[in-house]
Amino acid sequence: MVQALSRVAGARPRAIVDIGSNTVRLVIYGQPLRAPQVLHNEKVAARLGKGVAESGNLSPKAMALALASLARFRAILDLKGVQEVDVVATAASRDARNGQTFLNAIRDLGLEPRLLSGEEEAITSAHGVLGAFPDARGVVGDLGGGSLELIDVADGRCTHGISMPLGTLRLPALRAQGQREFTQKVTKALNRADWTATPGQTLYLVGGSLRAFARHMIIKTAWPIDDPHGYVADPALALKLAKAMARRKSETVAPIPGVSAGRLASLPDTAALLAALITRLKPDRLVFSAWGLREGRLWASMPEEVQAEDPLVAGARVFALDHGITALACTMVSQWTAAVVPAEGRERLRMAATMLCLASATVEPNLRGDLSHEWGLRKRWIGATARDRAMLAAAMIANVGKPVLPADLSMLASPAMLREAQAWGLATRLCRRFTVGARAALDGSSLTRHGDALVLRVDEPHAVLINDSVGRDLKALAQHLGLKPEIREERSPRS
C-alpha cells in the first residue's frame, strides 16, 4: 500500500488532519503538487462545536470520539509511511474553554496540532480558492460547523479576513425567531466585524454544507455536471431556492446523491444563511469550491514555480501517466497536430485534451465512448470551467471515433466550441493511429493546411504506415475542417 501511495511520479504523499467544529478529517494527497490527487479521505462527525455552542466547552463525548478517530488516523499514517503531516484545529478548539486540554490530548497521540486564529482560518481557506481559481477576484465565504469566515481576494492576495460565530452548529438557535430576525443577526455580526463588500462581486463558497446546497441546485436545474466544484450559480435563482429550502423542516428534505444525512439535516439552516449573505453582499455570481482550508495549506507550501503551473494541465498530465502516456508523448502529438487545429487562447485546454485523448485510447474499446463522457463531465478537474469540461469530453469522444456528441454537452459549450474540440480529438486520433506515437514517425511526417487541402506529408520510409484506416481518419478530419484530404510522399527524409 505504501508503494501504491508513492507510485505517482515518485511522489511523497502528504497528509492534512483537519480538526473542525463539525468533522474530524484525514486526507492524504499525492501528485501532482499543483493539483494533488486524493489518495485517502475519511472523516468522523465528532460535532465538537455543538458543545461549545451550548455550554462553551467541548463535550466529553465529542472529545472522546474525536481522539479515538485521531488515534486511528495516526495509525493509518504510520502504516502508510506518510511522514509529512499537517494538523490544524479551527473554531471549536479555538473557542472552547477546555480547548487547550483537548489540544494537549492530541499531542499525546503523537500529532502536533496548529490552532488557527479566525483570520488565519479565513486566509487559509482563501488560499485554497486561489489555488483552484488562480484568477479569483471577489469574496470567499467558508462555512464550517463553528464559524463563517469571509475574506476579500484579488490579484492573488487575501485581505480583510474575519471570522464570525455563524457555523452550521450554531444556526438552529440563531434561526429560532424566523428568517427576518436571523438576517438582521447576520447583518449585525457583519457590522460588529466592520466588514463590508462591494456589490456585484463574485462570492466563492467553501464548505461541505454549501456544496450540499450546490448539489441541491444542480438537481433542481438539471445541470449535467454533478460535481459541485466549480459550479456557477445565478444569485437570484440561488436566493429563490435558498428561501424555499430555509422554510423546510430538516426531516422533509429529500435525499440528495453525494450528501450525507448530517449535511442533509442542516441544509435548511445553510440555505437560510446563504440567503442572508446574498441579500447583504449582493454578488453578481456564486462559485462553489471544493478547495478550501486543507488545500489552502497545500497551496501555501507550494514553491512559486509550482503555483504558477496550470492546474488542469498538471492534473491531466498525471492522469495520462497513470494510463501509460508520458508527458513527452503528449507534447510530441500536440506539436504534430498544432498546425491544423490551433487553439487561439485555449492552448492549455488543447494540451489537456490531447493528454486525455491519448489516455482514453488505452481503455478497453467497449468502454471508451462512455468513459470519454464521464472523464470530461464527472471527474474533478481543477482549473476547468463547465465549458472546458464539455470541450474535453467532445475531444475524447471524437478521438475514439464517435461522430455524434451527447446532447448535454450543448448545455455547457457553444456549437463552435464543441466543433473546435472535436477537431482536436480527430487530429489526435489520426496522429496516434498513423504514427503509433513513435518519435521517428512523428519526426518523419507532418500535417498541414495548403489552400483548401489538408496535407499529410510522409517521408518515404514511413509511407508503409498509411493504410485504409489512416486514410479514413484523414478524410474525417478534413471534412470536419471543410478541407480536401491529400497525402504527399517525399522520397528523402527532411534534413
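**Exercise 1. Determine which residues of helix H19 are buried, and what covers them.**

Solution. Start from the cut-offs: a residue counts as buried under 20% relative accessible area, as exposed over 50%, and as partly exposed in between, with a 1.4 Å probe and protein chains only. Helices here are DSSP runs of H or I with at least four residues, strands are runs of E with at least two, and both are numbered from the N terminus. This is a predicted model, in which local features need pLDDT of at least 70 and side-chain atom pairs count only at pLDDT 80 or more, whereas totals for chains, interfaces and linings use all residues. Residues are numbered from 1 along each chain as its sequence is written, and side-chain values use heavy atoms, with hydrogens and water left out.

Next, go through the helix: Asp388, Arg389, Ala390, Met391, Leu392, Ala393, Ala394, Ala395, Met396, Ile397, Ala398 and Asn399 are buried, so that twelve of the 14 residues of H19 are covered. Finally, look for the cover, taking contact as heavy atoms within 4.5 Å: it includes H15, H17, H18 and H20.

**Exercise 2. Check the length of H19 against the expected span.**

Solution. The expected span is 1.5 Å times one less than the number of residues. For the 14 residues of H19 this gives 20 Å, and because the end C-alpha atoms are 20 Å apart, the two values agree. Just after H19, Gly401 takes a positive phi of about 90°.

**Exercise 3. Locate the largest nonpolar core and its main contributor.**

Solution. A nonpolar core is a set of buried Ala, Val, Leu, Ile, Met, Phe, Trp, Tyr and Cys residues joined through side-chain atoms within 4.5 Å. The largest has 62 residues, of which Leu392, Leu409, Trp424 and Leu447 touch the most other members. Elements giving two or more residues to this core include helix H19 (386–399), helix H20 (415–435) and strand S13 (453–459); the largest share, ten residues, comes from H20. Trp424 touches, among others, Val341, Pro342, Met391 and Ala395, when residues up to four places away in sequence are not counted.

**Exercise 4. Describe the hairpin of S7 and S8 and the backbone of Asp155.**

Solution. Strands pair if DSSP finds at least two bridges between them; here six bridges join S7 (residues 148–154) to S8 (residues 157–164), and the strands run antiparallel. Ala154 stands opposite Arg157 in S8. In the loop between S7 and S8 lies Asp155, which has a positive phi of about 55° although it is not a glycine. Asp155 is exposed, with a relative accessible area of 54%.
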